[in-house]
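Good morning, everyone. I have one structure for you today, and I'll take it piece by piece. Please have a look at it first.

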Amino acid sequence: SQLAFTRSVPERDLLNLVKALCEQLEDRGHEITLFKSLRSSPVALEAQLRRYAAATEESEDVRKIADQALKVLEGLPDDTKLAAFTGLVDERIDEGAPPKICVFTNYRSTLYYLAAEIEARDIHLELITGEMRQDERYESLLSFESVGGILFATWGAMKGLELKETE
């Protein structure tokens, strides 16, 4: 299945503020991180914006733009990517077969954000993060392979592990 969503006016405003913030940043690495967090989730973006809003080493313009972006972010009514994701999960569950879905994220904050939504729906889930020891990661993977549900993993944490039969 494919996810499709459109940006609302506040989401477009937020994107424009993030672009303006990137123009003010001197370090290209910070710009890349900011755009990755924008694509990832509101939680990941919020963490980055709060850092820039509080950063005393950044210019006043950077802090002001970050504050503006935080206000727009806080005013967003819905997370369209989360709605698309949960719609996809609901679609798979409605098909009757227990889902076996694997979701990879770049950020732990996104992983926890998505997992909390699925946990509230009482769907079996497993997590694999870089914070876990290798044996814990392997146990989570085995549980997912035998029980099904949804496996949330950060890309880096999956090194050395092999997935079988997932959607």
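**A charge, some rings and three helices**

Let's start with one local detail. The charged end of Arg 51 lies over the ring of Tyr 52, 4.7 Å from the ring's centre. Keep in mind that this is a predicted model.

Now the whole chain. The protein chain holds seven helices and three strands. Read along the sequence, the pattern is α-α-α-α-α-β-α-β-α-β. The C-alpha trace spans about 55 × 35 × 25 Å along its principal axes. Of the 167 residues, 41% are buried. The accessible surface comes to about 9,700 Å². Carbon and sulfur atoms account for 49% of that surface. Next, contacts between residues at least 6 apart in sequence: 63% of them join residues at least 24 apart.

On to helix H1, residues 9–24. How far should its 16 residues span? At 1.5 Å a residue, the expected span is 22 Å. The end C-alpha atoms of H1 are 23 Å apart, which agrees. Which residues of H1 are buried? They are Glu 11, Leu 14, Leu 15, Leu 17, Val 18, Leu 21 and Cys 22. Seen down the axis of H1, these buried residues fall within an arc of 165°, so they line one face of the helix. A word on helices in general. An α-helix has 3.6 residues a turn, so residues three or four places apart point the same way. And what covers the buried residues of H1? The cover includes helix H2 (28–40), helix H3 (42–54), helix H4 (60–75) and H5.

That brings us to H5. Its 15 residues should span 21 Å at 1.5 Å a residue. The end C-alpha atoms of H5 are 21 Å apart, so expectation and model agree. Buried in H5 are Leu 82, Ala 84, Phe 85, Thr 86 and Val 89. These buried residues pack against E1, helix H6 (108–119) and E3. After H5 comes Gly 96, with a positive phi near 100°.

Now the rings. A pair of aromatic rings is described by the distance of the centres and the angle of the planes. How many aromatic pairs are there? The count comes to two. Phe 85 and Phe 152 make an edge-to-face pair, 6.2 Å centre to centre, with 65° between the planes. This pair links distant parts of the chain. Phe 85 belongs to helix H5 (residues 80–94), and Phe 152 to strand E3 (residues 149–154), 67 residues apart. Are they buried or exposed? Both Phe 85 and Phe 152 are buried.

Then there is Phe 104 with Trp 155. Their ring centres are 4.2 Å apart and their planes are at 15°, so the pair is stacked. The cut-off for stacked is under 30 degrees. This pair, too, links distant parts of the chain. Phe 104 is in strand E1 (residues 100–105), while Trp 155 is in the segment after E3, 51 residues apart. Phe 104 is partly exposed, with a relative accessible area of 27%.

Last stop: Leu 141, in helix H7 (residues 134–147). Its relative accessibility is 3%, so Leu 141 counts as buried. Which residues does Leu 141 touch, leaving out those up to four places away in sequence? They are Ile 128, Leu 151, Leu 161, Glu 162 and Leu 163. Thr 80 is 61 residues from Leu 141 in sequence and 29 Å from it in space, C-alpha to C-alpha.

Definitions and conventions: Residues are numbered from 1 along each chain as its sequence is written. This is a predicted model: local features need pLDDT of at least 70, side-chain atom pairs count only at pLDDT 80 or more; totals for chains, interfaces and linings use all residues. Side-chain values use heavy atoms; hydrogens and water are left out. Rings of Phe, Tyr and Trp (its six-membered ring) pair if their centres lie within 6.5 Å; planes under 30 degrees apart count as stacked, over 60 as edge-to-face and the rest as tilted. Helices (H or I, at least four residues) and strands (E, at least two) are DSSP runs, numbered from the N terminus. Buried means under 20% relative accessible area, exposed over 50%, partly exposed in between (1.4 Å probe, protein chains only). A charge sits over a ring if NZ of Lys or CZ of Arg is within 6 Å of the ring centre and within 35 degrees of the ring normal. The expected span of a helix is 1.5 Å times one less than its number of residues. The arc is that of the directions from the helix axis to the C-beta atoms. Contact means heavy atoms within 4.5 Å. Accessible areas come from the Shrake-Rupley method with a 1.4 Å probe; for residues, only the protein chains shown count as cover.
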